[in-house]
Every structure is written in C-alpha cells, then in structure tokens.
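Work through these exercises with the structure open beside you. Try each task before reading its solution.

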Amino acid sequence: MIKLYNTMTRSKEVFKPLVDQQVSMYVCGPTVYNYIHIGNARSVIAFDTIRRYLEYRGYQVRFVSNFTDVDDKMIKAAQAENITVPELAERYIAAFKEDVQALNVEPATVNPRATENITDIIAFVADLIEKDYAYVVEGNVYYRARRFKNYGALSHQNIDELEQGASQHINDEETMQKEDPIDFALWKAAKPGEIAWKAPWGKGRPGWHIECSVMSTKYLGDTFDIHGGGEDLQFPHHENEIAQSEARTGVQFARYWMHNGFVTVGDDNEKMSKSLGNFVTVHDLIKQVNPQVLRFLMSTTQYRKPIQYTETSLQDAKNNLEKLQNAYVNLNYRLQTANGAADPAVDQQAAALQADFVAAMDDDFNAQNGITVVYEFARLINVYSEQATVNHEQIARLAKQFAEMAAIFGIELATATEAPADEKIEALVKQRDAARAARDFETSDRLRDQLKEMGIILEDTPQGTRWRKKDE
C-alpha cells in the first residue's frame, strides 16, 4: 500500500488513483531559454524515479510534462541572440532531451508545448472571463484571485498576507492595471516586435500559469491523480493553476500534490545562483562527470529532502554505484561455472529483501531506505557469487530481482565488462596468473602495475582473475 505526502493536506495519505492500476501524472517542465541546471535535473530525476517505482508496483503511468516555449525570458534571450523565439525553443528542447536521456530518464508520455496549445489557452481564458473570474485591461487579461475562495490553500497562506503580485512576471505598470495586487496575468498584451497570437481581447501571448492548467487538463482530464514539481512552484505557480482550473471546471484539479526539495551547492550549502558563481548546468557537467553518477546521487535521496551537491557527495555516489554494478557483474560471471543445485535459503533471503524494499519505497518513495536494501541485496549476491557451486536458474532469478530494483533509481547494469578482450590484455593477465601460481610475486606485481598503467583493474576471485577497464 503506497503512501505519499500530499502538500495540500501536509500529511501522508494512502494513494488511490482515479482508475484502478492506472496513474495520471503531470510534472511542470522547463522554460526552454537555456540549458537545465542541476536544480531542474533534481525535479526531473525525482519524478522519473517515482514514476519508475509506480510502474514497478504494476501501475500504468500516463506521464505528462510540458515545455514553456514562450515567455518574457525567452523573448529577451531570443532578442539578445537576434533569433526567433521558436528557434531558441527548438535549440534548448533538443538540448533538454539529450541531457535527460544521458541521465537515463524515461521519455514522457506527452511533452506538450505552450505554443502548440494557443487555441485551447484562448478558449480557457475566455471561459474565465465569461464566469467573471477574469477581466481585460488594455489587451491584458487578469485573474481575480480573491474571488476564488480557496486561494492560498496549497501554500497554506492567508490571502490577506500574500505579498503584492501573485505572478512571477510583475512590474509597476502591471500593478497599476490590476483591480487587486494579488491578481495575476492570464494573457499578456504584445509589445511591438514581440511574438504574439490573435485573441478576442487583442494580440498577445499566454501568461505562465495558464499554460499548465490547459495542458494538464487537456491531456489528463479535468481531475487527475498527481501534480508534481519543485517546492518553489507551490506559490504562486501551482496555487494559480488550482484557482484557474477549478474556477473553470468546478471540480477538484489534482488529487495529490508532490514537491521535490532543493539542491544546494558546496560545503556551505549555498543556494545555486549565477551571481555566486556556482551555477551548474547539466549540459556542462555531464561532459566532466559520468551522468550515471549524477543520476545516482539525485535518485537515491528521498524526493522531499534537500540534496547537497559537492565533490565529496559525487565521489560517494560514484563509489556506491560501482559497488552495485560490480556485484551484478560478479553474479553473472558465475554463469560460466554454474552447474550446482539451487540454495533455497538464498531465495528466501532475496524474497525478504524484496519485501523490505517495497515497504521502504511504499512509504512516500523513501529512496534512501530503498537503496539501503539494494546494498544489502548486493551483499547477498556477492556472497552467493563466491560459493563453490552455484545454480544457473538461481543466478538468473537473483539478477532479475536486483536489476529491477536498481532500475528504479536509473542504474544501468551490464554483464559485458569481461566481454571479448584485447589479446594483449588477456595475454598479460595469463602471464600474471602463471606467475602467481609459481609464487613469483615480483613478476606478478610488475604485471599488475603494467596493467594498471593501461587503465586495467584486476579482480582476483575464487573462480579466477577478472579484469575491467577503469572507466567501465
């Protein structure tokens, strides 16, 4: 029985989807005016891990995540480069897909774009105007936040205490146009030379919040199961989505609200910012660091907890990831000599660990406790791999169980580290084996050092010497 923390109620609740064994899930995607940074990646990875676990538990997940491909930041960036907003969007959408693929993130069921849904956005805004939840001022359309009786419920704020301006994009001119400072923009009148679309109230473009209301309900229905995003989106973005959507439909918008924690940078836990010089984009980072290591660091922390990004945390992630990968290789290596009977006690231990894993992850997707069980499973298969006799079918069962749990964290496992080898390396390994058998340790050590200089790591096992390249 899965329990998740619902931001709306500030409590853990038993997860019951609208449709049995099916999950409808919307996660706010990036504004594509630049490469994503590691804070963006944290959200992408957190909800990919949650999605993977839901699938592991037998749910069919319809996962929608949008691209904001028009807004003030994009217009400014496109003007600076003397290109069009669509050209800018194409570049960074392609970069986003490349970067998240490197992080082993499953593709969304649908990746809608704001500019592909303008007709639906205009219809949505028109309905809000008709229902008197919105009003027009000089081609701009604003939402009457105070008219929505539950405004502030998600972020647990009193409407009278909210800071002036519920929109992320606000200025003095906009404030002067509003009936109330907390009202927010649904539609923005175009300035000369800006990208724009025709609407009944004048040419312009959608506000930031309206697009997610439109795309989530269009692809998932008026009410869906899970809405996710970074904790910084609770207010105003998600608060405004609720107000817009429920004012239009008259029904509950999202049934469960989930928000991931922040990423801090360095030993001082600084918030990432360009001004502090600690702004790290995924595009640059994965050129220096194995993307699997970054994925592992972020996916093995419970999604609501903050992540401290440091050289030490990356190195720890690298070491732990290698231990799991090596355990899988060690197990599959024994297939070459597997001719014994199965050990029922090993299957019993594996089943118990699997149950522990489910119990950990069922508790609000507690990845830290879940990965601890995976480490214990790795120890089990390492011990089994060193037994004098092993069973072929049992190895297959253990490997499948281990790989399925590891995959939830995006861990890629392979059995090919000892695949057809370079003849020179094989020859040196055989020479070293012969030297060890003859107790010629001076020659053995010299050959080990020679192989090490070639980037080859040796592993002496009861079943013989195995080798792998350092970067594998």
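**Exercise 1. Take stock of the chain.**
How many helices and strands does the protein chain have?

*Solution.* Start with the secondary structure: the protein chain has 15 helices and 15 strands. Helices (H or I, at least four residues) and strands (E, at least two) are DSSP runs, numbered from the N terminus. Next, note what kind of model this is: it is predicted, local features need pLDDT of at least 70, side-chain atom pairs count only at pLDDT 80 or more, and totals for chains, interfaces and linings use all residues. Residues are numbered from 1 along each chain as its sequence is written, and side-chain values use heavy atoms, with hydrogens and water left out.

Now the extent. The C-alpha trace spans about 90 × 50 × 40 Å along its principal axes. Of the 472 residues, 51% are buried (under 20% relative accessible area, with exposed over 50% and partly exposed in between; 1.4 Å probe, protein chains only).

**Exercise 2. Divide the chain into domains.**
Which residues belong to each domain?

*Solution.* Domain 1 covers 1-285, domain 2 covers 311-407 and domain 3 covers 421-467. These bounds come from an automatic or database domain assignment. Then take a distance: the C-alpha centres of domain 1 and domain 3 are 56 Å apart.

**Exercise 3. Trace the hairpin of β1 and β2.**
Which residue in the turn has a positive phi?

*Solution.* First find the strands: β1 is residues 3-6 and β2 is residues 11-14. They pair in the antiparallel sense over four bridges. Two strands count as paired if DSSP finds at least two bridges between them. Check one bridge: tyrosine 5 has lysine 12 in β2 as its partner. Four residues lie between the strands of this hairpin. In the turn, arginine 10 has a positive phi of about 55°.

**Exercise 4. Order the strands of an open sheet.**
Why is one side of β5 and of β8 left without a neighbour in the sheet?

*Solution.* Write down the order: β5-β6-β7-β8, with antiparallel pairing. β5 (134-137) and β8 (204-206) are at the edges and have a single partner strand each, so one side of each has no neighbour in the sheet. The twist averages 20° from one strand to the next.

Now look inside the sheet. β6 (residues 140-143) and β7 (residues 184-189) pair over three bridges. Valine 141 has tryptophan 187 in β7 as its bridge partner.

Finish with the helix. α4 (residues 118-130) lies across β5, β6, β7 and β8, at about 125° to β7. Axes are lines fitted to C-alpha atoms, for helices over the stretch in contact (heavy atoms within 4.5 Å), and angles run from 0 to 180 degrees between N-to-C directions.

**Exercise 5. Inspect histidine 227.**
Is histidine 227 buried or exposed?

*Solution.* Locate histidine 227 in strand β9 (residues 224-230). Its relative accessible area is 0%, so histidine 227 is buried. Next, list contacts, leaving out residues up to four places away in sequence: among them are Tyr26, Cys28, His238, Glu241 and Trp257.

**Exercise 6. Search for disulfides.**
How many disulfides does a search of the whole structure find?

*Solution.* The search finds zero disulfides (a disulfide is a pair of cysteine sulfur atoms within 2.5 Å). Cysteine 28 is a case to check: its nearest cysteine sulfur, that of cysteine 212, is 4.0 Å away. Cysteine 212 is likewise in no disulfide. Compare their burial. Cysteine 28 is buried at a relative accessible area of 12%, and cysteine 212 is buried at 2%.
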